[in-house]
Amino acid sequence: ATGRARGPWLRFAPLVLSALLPVRAGAQAAAVDEGPPVDLARGLAGVELGEDDLTNHERMGRWFGEAYHSALRYEPELWRRVRGDLEALAEEALARMPELAFAVGSAFYSYFWWGDGVAVDLAAGDFAVNLLKLSLDHKSCGSPSLSADDFLARQCHMRWRQLMLVSAELARYIAVDLLDLRRAARALREATGLLKAMRGLPFFQQFEALGAMLKEPHDINYNTDYYPHVNLGPIWPKEFVPLASFLEDHFEEFHADLLRIRDSETFWGLHRGAFVSETQFTPQDEDWQTVYVYLNQSWVDQNCKVAPRTCELLQSRPEIAGCKTSSAGAGFLRLSPGARLKPHYGNGPRLSVHLGLETPEVGDIRMDVGSASVRWRAGEAVVFDDTYIHKVRHDGVEPRFVLLLWFCHPCDSEHWDNPPERQPEVCRWPR
């Protein structure tokens with residue numbers, strides 16, 4: 001134990017650090033797919049950790065996924081204890097238990113990115129970087145001799161990308177927002193060194209050999225794993241995506257459905273009614289609200305009732321209705337003034353499109369995708385690859401509303417019910 005006095009968790013069992021640490025010799029890891037039920041009452045002591053770092057990652061992810069959206073997070077003292085215990089686990093991981101590094105580092109990024117207000121929590125970011133680096137070493141993810149099958153089975157491709165996101169975005173934040181150029185230079189050197197090491201691995205070299213661009217951290221994306229030869233960057237020309245002009249042609253109808261639900265009380269109620277558990281994307285829960293009409297290959301009936309024309313129109317589009325992947329989706333998004341959406345990756349293979357519905361002109365309201373920036377205009381569609389690092393800021397005075405669609409990638413020949421007769425020329429593999 002740490003020797004620090006600790007109070008009861010929600011008046012249940014006392015939180016003792018020794019209960020957090022994994023049983024080492026002879027311990028048998030439970031199956032990753034199920035594991036024991038989540039026990040919020042005991043805090044992180046309710047997470048059974050073992051010697052397998054992927055099992056630890058899954059179990060800690062499940063615990064935080066429930067805890068973050070429970071009453072626990074809204075008790076400041078209790079949530080501070082969670083943070084303190086996560087730091088204690090981080091110290092144990094860095095000192096002697098690398099099997100904890102992936103789980104704990106991911107938790108710092110996923111649930112403690114934001115500090116006070118819209119400030120990035122630099123201490124959490126530093127923990128995440130150091131722990132994710134340790135997790136790479138622990139699983140030999142930096143070894144060029146690791147086979148491709150083992151590289152994927154150990155999730156090395158995901159560990160590297162998560163580390164590059166955190167390290168690169170910390171460097172950018174320190175330089176641009178804090179104007180601490182000396183510290184930013186150190187962080188940028190580290191991110192550059194990590195990218196060089198990543199590019200030296202056979203898994204990523206195979207993509208560059210086929211034409212993928214990986215010259216800077218913000219070139220990294222997940223669609224590269226499927227279409228490394230497609231080099232259109234983070235923002236796609238609309239002529240490659242017929243869905244974009246369809247959305248623009250029906251702007252008035254989509255906007256009319258939004259007007260039925262756009263008041264803050266109705267929109268928030270619909271957001272909560274079809275709630276999707278997320279990590280800490282924004283500093284405040286109400287900053288970014290979603291009213292999905294299609295998710296997980298199902299239409300959200302209660303939201304289609306209040307936005308019937310939107311659902312009718314989208315049900316006619318094979319890019320959505322005929323896209324048989326769980327990463328497809330559609331819905332209305334509300335971004336509040338003062339909001340930030342943290343840097344993150346989307347799931348591949350897919351593309352995204354935003355149709356601007358209400359887009360205030362006053363203030364700095366933008367989305368950064370890879371190395372590009374987007375500003376929305378009402379009635380205009382923006383097609384982008386959200387598997388790049390992307391983030392959003394709203395320094396205006398009025399809420400911004402867009403219609404979001406995640407849809408089957410134009411080069412995807414596997415997940416369409418009825419794939420298009422002709423794919424864009426950019427989809428052709430080099431001979």
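The paragraphs below lead through a predicted model, beginning with its nonpolar cores, moving on to a pair of packed helices, and ending with some details of the backbone.

A good place to start is the largest nonpolar core, which has 69 residues, and within which Phe64 and Phe108 touch the most other members. Several helices contribute to this core, since α2 (53–67), α3 (76–95), α4 (101–111), α5, α7 (156–176), α8 (181–199) and α9 (202–209) each supply at least two of its residues. The largest share comes from α7, which provides 10 residues. In soluble globular proteins, nonpolar side chains tend to be buried together. To see the surroundings of one member, the reader can look at Phe64, which, when residues up to four places away in sequence are not counted, touches Leu44, Trp79, Val82, Leu86, Ala107, Tyr111 and Phe112. Apart from this largest core lies another one, made of 41 residues, including Phe267, Val293, Ala330 and Phe332.

Phe267 also leads to the next feature, because this residue of α12 takes part in the contact between α11 and α12. Helix α11, which covers residues 251–261, packs against helix α12, which covers residues 264–273, at an angle of about 95°, and the axes of the two helices are 7 Å apart. Angles of 65 to 115 degrees count as roughly perpendicular, and α11 is therefore described as roughly perpendicular to α12. On the α11 side the residues that meet the partner helix are Leu258, Arg260 and Ile261, while on the α12 side they are Thr266, Phe267 and Leu270. Sorted by class, the contact of α11 with α12 has four nonpolar residues, one polar residue and one charged residue.

The backbone offers some further details to look for. Most residues other than glycine have a negative phi, and most peptide bonds are trans. Ser140, in the loop between α5 (122–138) and α6 (148–153), has a positive phi near 60° although this residue is not a glycine. With a relative accessibility of 34%, Ser140 counts as partly exposed. Gln297, found in the loop between β2 (288–295) and β3 (298–299), likewise has a positive phi, of about 60°, without being a glycine. Its relative accessibility is 39%, so Gln297 counts as partly exposed. Finally, the peptide bond that joins Gly348 and Pro349 is cis, with omega at about 0°, and Pro349 lies in the loop between β5 (340–344) and β6 (351–358).

How values were computed: Residues are numbered from 1 along each chain as its sequence is written. This is a predicted model: local features need pLDDT of at least 70, side-chain atom pairs count only at pLDDT 80 or more; totals for chains, interfaces and linings use all residues. Side-chain values use heavy atoms; hydrogens and water are left out. Helices (H or I, at least four residues) and strands (E, at least two) are DSSP runs, numbered from the N terminus. Buried means under 20% relative accessible area, exposed over 50%, partly exposed in between (1.4 Å probe, protein chains only). A nonpolar core is a set of buried Ala, Val, Leu, Ile, Met, Phe, Trp, Tyr and Cys residues joined through side-chain atoms within 4.5 Å. Contact means heavy atoms within 4.5 Å. Axes are lines fitted to C-alpha atoms, for helices over the stretch in contact, and angles run from 0 to 180 degrees between N-to-C directions. Angles under 35 degrees count as roughly parallel, over 145 as roughly antiparallel, 65 to 115 as roughly perpendicular and the rest as oblique. Ala, Val, Leu, Ile, Met, Phe, Trp, Tyr, Cys and Pro count as nonpolar, Asp, Glu, Lys and Arg as charged, and the others, Gly among them, as polar.
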